[in-house]
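Here are my notebook entries from a friendly look through one structure. I wanted to see how its parts meet and what its cysteines are doing.

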Amino acid sequence: MRLTNEQIERYSRQIILKEVGGKGQEKLLNSKVLVIGAGGLGSPALLYLASAGVGTIGIVDGDKVDITNLQRQIIHFTEDVNKEKIYSAKEKIAKINPHVRVITYNTKVNASNIREIVREFDFIIDGTDNFPAKFLINDACFFEKKPFSHGGILRFQGQTFTYLPENACYRCIFDSPPPKGVVPTCSEAGIIGVMAGLLGVIQASEAIKYILSAGQLLTNKLLFVDLLNIEFRTINFKKNKNCPLCGENPKIKDLIDYETEICDLKN
Amino acid sequence: MKLTVNGKIESFEKESLTIEELLKLKKVKMPEMVTVELNGTILEREKFKTTYVKDNDSIEFIYYMGGGSPII
Ligand SMILES: [Zn+2]
């Protein structure tokens, strides 16, 4: 694949970076990134992945745009209310960068469809808002040996880490989802839009660095951000020998569909 | 003793505390929902009662965080 003059011009500000260059740009154009959830985290991630020239972007979302989404889900506009999120997102991507191939999945992820979907991609971004989905993505990526970026946000805080095969997974920290209703969701406890934005951008950055093999990833590290007190902290963690998925005596051998309303009480 | 709790150095009157006592002292809400990391290693929940922290230990309380888009 050779870069066209238009591509060289469009991506010139990143091609001049030694971590990118023409080779790196070609890697991006040949890469496939999946974003699960076109919401608060997925919106900024999708916009930046598209602008950067990630060649194929997958979007999984079964929801329609609601007016309450617009405060943080910046890929969706007022005129998109009631439109399927995947179509709203796809339209914006086409306007930013018409060369990106967008694959849409108008569905929710579950134990029977997720492995087939993630298998098609090089890197996965978890932009979901509930624990059953987060554990499902972790487990599916573990079984499919796919790297992914985890993101969780609440109020003014967020946490993110990057899973690479053979390294620590989400269950190394949290062995199973919290019981129903115990941990509040964004719809119950609130979320400041900029927190979702910041975390989604970090997730896109991880995807881009992974594709470029550049710099350090948040692997075996959990980044904790508190925007209210403007605190950024990285907590090192290791592969946990007691992890029920990737530990020495794994109990989990297959995907689990946890009860969906576990923490999604009001959506 | 001095402990580093969530990245901040704090002084404690007692010279040793169990993780369970520390969670109470730090007024951690829903301690059963918190993952505890002691000096870089995730501690099993069953060991909160029997594991003691000592001077210069580093403890992280890690909470569940959801957020994003409802996808399931
Ligand atoms: Zn694990």
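I call a residue buried when its relative accessible area is under 20%. The model I am reading is predicted.

**Entry: cysteines.** With that cut-off in hand, I looked up Cys169(A), and it counts as buried because its relative accessibility is 0%. I then checked Cys141(A), which is buried too, with a relative accessible area of 0%. Next I reminded myself that a disulfide is a covalent bond between the sulfur atoms of two cysteines. Why does Cys141(A) have no such bond with Cys169(A)? The sulfur of Cys169(A) is the closest cysteine sulfur to that of Cys141(A), but it lies 11 Å away, so it is too far for a bond. I also searched the whole structure and found zero disulfides over all chains.

**Entry: where the chains meet.** I turned to the contact between chain A and chain B, which takes 56 residues from chain A and 23 residues from chain B. Together the two chains bury about 2,900 Å², with 60% of it on carbon and sulfur atoms. Asp129(A), Phe174(A) and Arg233(A) supply 17% of the area that chain A buries against chain B, more than any other three residues.

**Entry: charges and polar pairs.** I met Arg233(A) again in a salt bridge with Glu60(B), where the closest N and O atoms are 2.8 Å apart. The rule finds two salt bridges across this interface. It also finds seven residue pairs in polar contact there.

**Entry: chain A's side.** I noted that α7(A) gives the largest share of the side that touches chain B, six residues. That side divides into 26 nonpolar, 20 polar and 10 charged residues.

Definitions and conventions. Residues numbered from 1 in each chain as written. Chains lettered and ligands numbered in written order. Predicted model: local features only at pLDDT ≥ 70, side-chain atom pairs only at ≥ 80, totals over all residues. Heavy atoms only, no water. Contact = heavy atoms within 4.5 Å. Buried area = accessible area lost by both parts, 1.4 Å probe. Salt bridge = Lys/Arg side-chain N within 4 Å of Asp/Glu carboxyl O. Polar contact = N/O pair within 3.5 Å; in protein donor to acceptor, adjacent residues only side chain to side chain. Helix = DSSP H or I, 4+ residues; strand = E, 2+ residues; numbered from the N terminus. Nonpolar A, V, L, I, M, F, W, Y, C, P; charged D, E, K, R; others polar. Disulfide = S-S within 2.5 Å. Buried < 20%, exposed > 50% of the residue type's maximum accessible area, 1.4 Å probe, protein only.
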